[in-house]
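Student: I should like to learn how to read a structure step by step. May we work through one together?

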Amino acid sequence: MSTVVRVNPIACDGSGLCAELLPERIRLDEWGYPIVDPRPLTPELRGHAERAVAACPTLALLLQKETTTRGT
Amino acid sequence: MSSASAAVAPEAGLPRLFAGVRRDGLPLGLGAHAATHGPLPSPRGLIELVTAGGLRGRGGGGFPAGRKLAAVAGARRRPVVVANGAEGEPVSFKDKLLLRRAPHLVLDGAALAAAAVGAREVVVALDRSAGEEIGVVSAALDERRDRGLSWRLAVVPTGFVTGEETALLSALVGRDPKPTFTPPRPFERGLRGAPTLVQNVETLAHVALIARHGPDWFRALGTRQEPGSALFTVFGAVARPGVYEAAFGTPIRALVEQAGGVRGSAGAFLIGGFFGSWVDPAAAQGLSVLDADLARAGAALGAGAVVVLPAAACGLDQSARVARYLAEESAGQCGPCVHGLAALAGALETLASGHGDSRRDALRWLEQVRGRGACRHPDGAARFVESSLEVFAGEVELHLQGRCSGRRGEFIPTGRSR
């Protein structure tokens, strides 16, 4: 069981805060929307990821526990 | 569409779904339906039969029907069944034609699926473009006496994404027909929170036949991996555009022959509809309607639409039109889909008009839209644009020199008049 970052693209309005707080897993596309690296979070990144989730103004960022399948 | 015809296929073992349909185009009434297919069988063991038959969803996604049934049957709450007849793709008519000719086969499948998963409510969902079918299904429902089952016919707005499961469920409760973020998937929490089996109408018709004849009968056509038969909309530059029934594995050439053959000469084949891929005529000759086969050409069957583009049409111009349509049909919810599809359509339009070389931009944008939506709309549109750039690469070069090998105009309908 591992944890990945996931974006709800419907809720996301491209504030870009997540990419600032978690650049190890999130970069922005040309329009300012987050492109998420699907690799599991390492323990060191966990706190940064939680802060990014809390900072999202539209609550569009979430942490998802993964077993084998990757959500899209 | 009026020219759609339920032709008798030359293959042995067909027609299945169109067995016994009337030559005058009227629907099979309940009596004639029962005389053709036999009475409604018991739902006992249905999920196992459908799973053993290897039936996959015919709405475009191809998800194994047995697994979906089992997932809904295993839910804690009483489930609901939705027969999905929202067919928003401008080049697909097979669901509408099936409902118009053999409505009770679809309704049998829905009733059996409901009994198998323990549902007492079935919603038959059609979109507004299905004018005639709404009347046919309504009359068919009046004929039926399914014990312990309540039917509802729901008419939802027409749109390319309306048939997407979660968008359809939104429409059914009066919200905009737009996809929702998943999970939860409909089988977990769907209509009014109930576990919901959303199944394409053609899929349900196959369920009705598997329940009667068994999985071995179903597997007598098709291949081991892709068993059975399906309905295909054959459209464009063919003598008799329409809906045809064929086994999986039928050569594209034979399917097009059923539709009277290519009218004039073909410029390209669009296989799998607007989420599909262009294939050049020479390559299409060696392909069959089988995903395993089409994958070699980068194509997939989707909901089974095959469009023949006449050689006289400019493929690049057609592609730009379809790409613009797909951009406009975005539900408008997800940033990468809204911006990315508009950018991609613009890139194809720039190439088509000879105003510049936008190929590098297009390739970069393709990478930025795939997998970035709440639904698969951006992925399907990206597949289409990518294949346009590949198959019409020569045409792009011509346009960059200010020339064009064909004509412009709407050879492929995009339904913008709706």
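**Helices, sheet and chains: a guided reading**

Tutor: Let us begin with one contact between two helices. In α5(B), the residues Leu105(B), Val106(B), Asp108(B), Gly109(B), Ala110(B), Leu112(B) and Ala113(B) meet Val201(B), Leu204(B), Ala205(B), Val207(B), Ala208(B) and Ala211(B) of α8(B). By class, this contact of α5(B) with α8(B) comprises 11 nonpolar residues, 1 polar and 1 charged. Please keep in mind throughout that this is a predicted model.

Student: How should I describe the way in which α5(B) and α8(B) cross?

Tutor: One looks at how far apart the two axes are and at the angle between them. The axes of α5(B) and helix α8 (residues 201-213) of chain B come within 7 Å and cross at roughly 75°. Angles of 65 to 115 degrees count as roughly perpendicular, and therefore α5(B) is roughly perpendicular to α8(B).

Student: Which residues of α3(B) meet α5(B)?

Tutor: Leu69(B), Val72(B) and Ala73(B) in α3(B) meet Ala113(B), Ala116(B) and Val117(B) in α5(B). The contact of α3(B) with α5(B) holds 6 nonpolar residues, with no polar and no charged ones. Here the axes of helix α3 (residues 65-73) and helix α5 (residues 103-117) of chain B come within 9 Å, crossing at roughly 45°. The crossing makes α3(B) oblique to α5(B). Ala113(B) of α5(B) appears in the contact with α3(B) and also in the contact with α8(B).

Student: May we turn to sheets? In what order do the 4 strands of the open sheet in chain B lie?

Tutor: The general idea comes before the case. Strands of a sheet pair through backbone hydrogen bonds, in either a parallel or an antiparallel sense. In this sheet of chain B, the order is β3-β2-β1-β4, and the pairing is parallel. The edge strands are β3 (150-156) and β4 (196-200) of chain B, each of which pairs on one side only. On average, neighbouring strands of the sheet are turned by 20° against each other, direction ignored.

Student: How many bridges join β1(B) and β4(B)?

Tutor: Strand β1 (residues 80-85) of chain B pairs with β4(B) in the parallel sense over 5 bridges. Two residue pairs may be examined in the picture. Val81(B) stands opposite Leu197(B) in β4(B), and Val82(B) has Val198(B) in β4(B) as its bridge partner.

Student: Is β4(B) mostly covered or uncovered?

Tutor: To judge this, one asks of each residue whether it is buried, and then on which side of the strand it lies. β4(B) is mostly covered, with 5 of its 5 residues buried. Thr196(B), Val198(B) and Asn200(B) are buried on one side, and Leu197(B) and Gln199(B) are buried on the other, so that both faces of β4(B) are covered.

Student: Why does Gly356(B) count as exposed?

Tutor: A residue is exposed if 12 or fewer other C-beta atoms lie within 10 Å of its own. Gly356(B) has 12 C-beta neighbours inside 10 Å, and therefore counts as exposed. Gly356(B) is found in the loop between α14 and α15 (359-369) of chain B. From C-alpha to C-alpha, Gly356(B) lies 38 Å from Asp176(B), with their positions 180 residues apart in sequence.

Student: How does one read a chain as a whole?

Tutor: One may count its elements and then compare its radius of gyration with that of a compact globule. Chain B has 17 helices and 9 strands. A compact globule of 418 residues would have a radius of gyration near 22 Å, and the 21 Å of chain B agrees with this. Its C-alpha atoms fill a box of roughly 70 × 45 × 35 Å along the principal axes, and buried residues make up 57% of the 418 residues in chain B.

Student: In which order do the elements of chain A run?

Tutor: Chain A has 2 helices and 4 strands, which run β-α-β-β-α-β from the N terminus on. A compact globule of 72 residues would have a radius of gyration near 11 Å, and chain A agrees with its 11 Å. In chain A, buried residues make up 28% of the 72 residues.

Student: Where do the two chains touch, and how many residues of chain B are in contact with chain A?

Tutor: 11 residues of chain B are in contact with 10 residues of chain A. On the side of chain B, the largest share, 3 residues, comes from helix α14 (residues 335-353) of chain B. That side divides into 4 nonpolar, 6 polar and 1 charged residues.

Technical notes:
Residues are numbered from 1 along each chain as its sequence is written. Chains are lettered from A and ligands numbered from 1 in the order in which they are written. This is a predicted model: local features need pLDDT of at least 70, side-chain atom pairs count only at pLDDT 80 or more; totals for chains, interfaces and linings use all residues. Two residues are in contact if their C-beta atoms, placed from the backbone, lie within 7 Å. Ala, Val, Leu, Ile, Met, Phe, Trp, Tyr, Cys and Pro count as nonpolar, Asp, Glu, Lys and Arg as charged, and the others, Gly among them, as polar. The radius of gyration is taken over C-alpha atoms; the globule rule is 2.2 Å times the number of residues to the power 0.38. A residue is buried if 20 or more other C-beta atoms lie within 10 Å of its own, exposed if 12 or fewer, and partly exposed in between; C-beta atoms are placed from the backbone. Axes are lines fitted to C-alpha atoms, for helices over the stretch in contact, and angles run from 0 to 180 degrees between N-to-C directions. Angles under 35 degrees count as roughly parallel, over 145 as roughly antiparallel, 65 to 115 as roughly perpendicular and the rest as oblique. Two strands pair if DSSP finds at least two bridges between them.
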